[in-house]
Amino acid sequence: MSRTKVDRGFTLVELLVVIGIIALLVSMLLPALNKARYQAGLVNCASNLRQFGMSLQMYGNYYKGVVPMGYYDGTTWPSVYHNNQWQFLGVLMESGIVKPTGSIAAFYCPLETDPRISYNTAENRWPIVPPDWGLHSLGYTVRPVTRWLARPNSAARLVGRTDVWPWATESFPKITQFKPQQAMASDAMMKLDGRGTGHVLKGSNVCSIDGSVRWVPFSVYKANHNIMLGGANAVAINSILSPRTLNQPTYSGIFNDFDVYNR
């Protein structure tokens, strides 16, 4: 009498063991994948910052060697458009050096989590369609080496103000006054409210005058600047980037730390 062979499936215990092994493997691989993704983001950030630095240099080529480095209205927040007009780093767009369309996406760090300085978010929409009274900003800031003259409003124009756009010969420094390894631009951003730290608490990508980009560990600038983020303690980044806050017109704060590290 022949017997019919019956295939035995997995028991519940065996199935749970397999699931447990898969979960263990995932938990072991996930940190490595996250680290790889983070490193790729840093590389992309450095590449974008290099393009931003090249745009600053191109501006200098067109405008007799002056470059748009400095601070505006006491801050280095990288705004480009506000209250229906170009401002601060908006010189790159209004001068035609940078087209305010798809190319703008390359001027942001992909690791940044703050929607105000991330590309095309609810708080920083692109492209700009006038009339637009919102604030639009880039993802990188410049060395706050000099105070930019303010663009006058309509009332000021009526009384004969002359510090109008562009500010190239009135406010911008000559690129020749800096050494090749001095810091020109960075992704280290002032944030009084502590929103979106990106990778600034681990280190910063820094673009030098010669166009090279380097990674500067957080320990380099933490030693000289007590950076605290979160709640009522969110103070430091504005102080280390904003010369007027420190009442020292030529002070470049955190950028001096970058210079020392780059020597």
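**Exercise 1. Salt bridges**

Task: In this predicted model, determine how many salt bridges a search of the whole structure finds, and state whether Arg-143 and Asp-259 are buried or exposed.

Solution. Step one is the count: the search of the whole structure yields 2 salt bridges. Step two takes the pair formed by Asp-114 and Arg-116, whose side chains meet with an N to O distance of 2.6 Å, and both Asp-114 and Arg-116 are buried. Step three turns to Arg-143 and Asp-259, whose side chains form a salt bridge at 2.7 Å, N to O. This pair links distant parts of the chain, since Arg-143 belongs to the loop between strand E4 (141–142) and helix H3 (154–158), while Asp-259 sits in helix H8 (residues 254–262), 116 residues apart. Step four answers the remaining part: Arg-143 is buried, and Asp-259 is buried too. As background, side chains of opposite charge can pair when their charged atoms come close.

**Exercise 2. The sheet and its hairpin**

Task: Establish in what order the 4 strands of the open sheet are arranged, and which residue in E7 is the bridge partner of Val-206.

Solution. Begin with the order, which is E4-E5-E6-E7, with antiparallel pairing. The edges follow from this order: E4 and E7 each have a single partner strand, so one side of each is left without a neighbour in the sheet. Next, consider strand E6 (residues 203–208) and strand E7 (residues 213–217), which run antiparallel and are joined by 5 bridges. Within this pairing, Ser-204 stands opposite Val-216 in E7, and the bridge partner of Val-206 is Arg-214. Finally, examine the connection: E6 and E7 form a hairpin with 4 residues between them, and in the turn Gly-211 has a positive phi of about 95 degrees.

**Exercise 3. Nonpolar cores**

Task: Find how many residues the largest nonpolar core has, and which element gives the largest share of this core.

Solution. The largest nonpolar core has 39 residues, and those with the most contacts inside it are Phe-52, Met-69, Leu-89, Leu-92, Met-93 and Leu-138. The elements giving two or more residues to this core are H1, strand E1 (79–82), helix H2 (91–94) and strand E5 (183–186). Of these, H1 provides the largest share, with 6 residues. Another core, of 10 residues, lies apart from the largest one and includes Ala-183, Ala-188, Val-216 and Tyr-221. To look more closely at one residue, take Leu-138: with residues up to four places away in sequence left out, Leu-138 touches Phe-52, Pro-78, Val-80, Leu-89, Met-93, Ile-104, Phe-107, Tyr-108 and Ile-117.

**Exercise 4. A nonpolar patch on the surface**

Task: Identify which residues form a nonpolar patch on the surface, and explain why Val-17 is classed as partly exposed.

Solution. The patch consists of Val-13, Val-17, Ile-21, Leu-24, Leu-25 and Met-28, which together have about 600 Å² of accessible area. Val-17 lies in helix H1 (residues 12–62). Val-17 counts as partly exposed because its relative accessible area is 46%, a value that falls between the limits of under 20% for buried and over 50% for exposed.

**Exercise 5. The protein as a whole**

Task: State how many helices and strands the protein has, and what percentage of its residues count as buried.

Solution. The protein has 8 helices and 7 strands, and 45% of its 263 residues count as buried. Its accessible surface comes to about 14100 Å², of which 59% belongs to carbon and sulfur atoms. Lastly, among contacts between residues at least 6 apart in sequence, 68% join residues at least 24 apart.

Conventions:
Residues are numbered from 1 along each chain as its sequence is written. This is a predicted model: local features need pLDDT of at least 70, side-chain atom pairs count only at pLDDT 80 or more; totals for chains, interfaces and linings use all residues. Side-chain values use heavy atoms; hydrogens and water are left out. Two strands pair if DSSP finds at least two bridges between them. A salt bridge is a side-chain nitrogen of Lys or Arg within 4 Å of a carboxyl oxygen of Asp or Glu. Buried means under 20% relative accessible area, exposed over 50%, partly exposed in between (1.4 Å probe, protein chains only). Patches are made of residues with over 30% relative accessible area and no salt bridge: like charges are joined within 9 Å, nonpolar side chains (Val, Leu, Ile, Met, Phe, Trp, Tyr) within 5 Å. Accessible areas come from the Shrake-Rupley method with a 1.4 Å probe; for residues, only the protein chains shown count as cover. A nonpolar core is a set of buried Ala, Val, Leu, Ile, Met, Phe, Trp, Tyr and Cys residues joined through side-chain atoms within 4.5 Å. Contact means heavy atoms within 4.5 Å.
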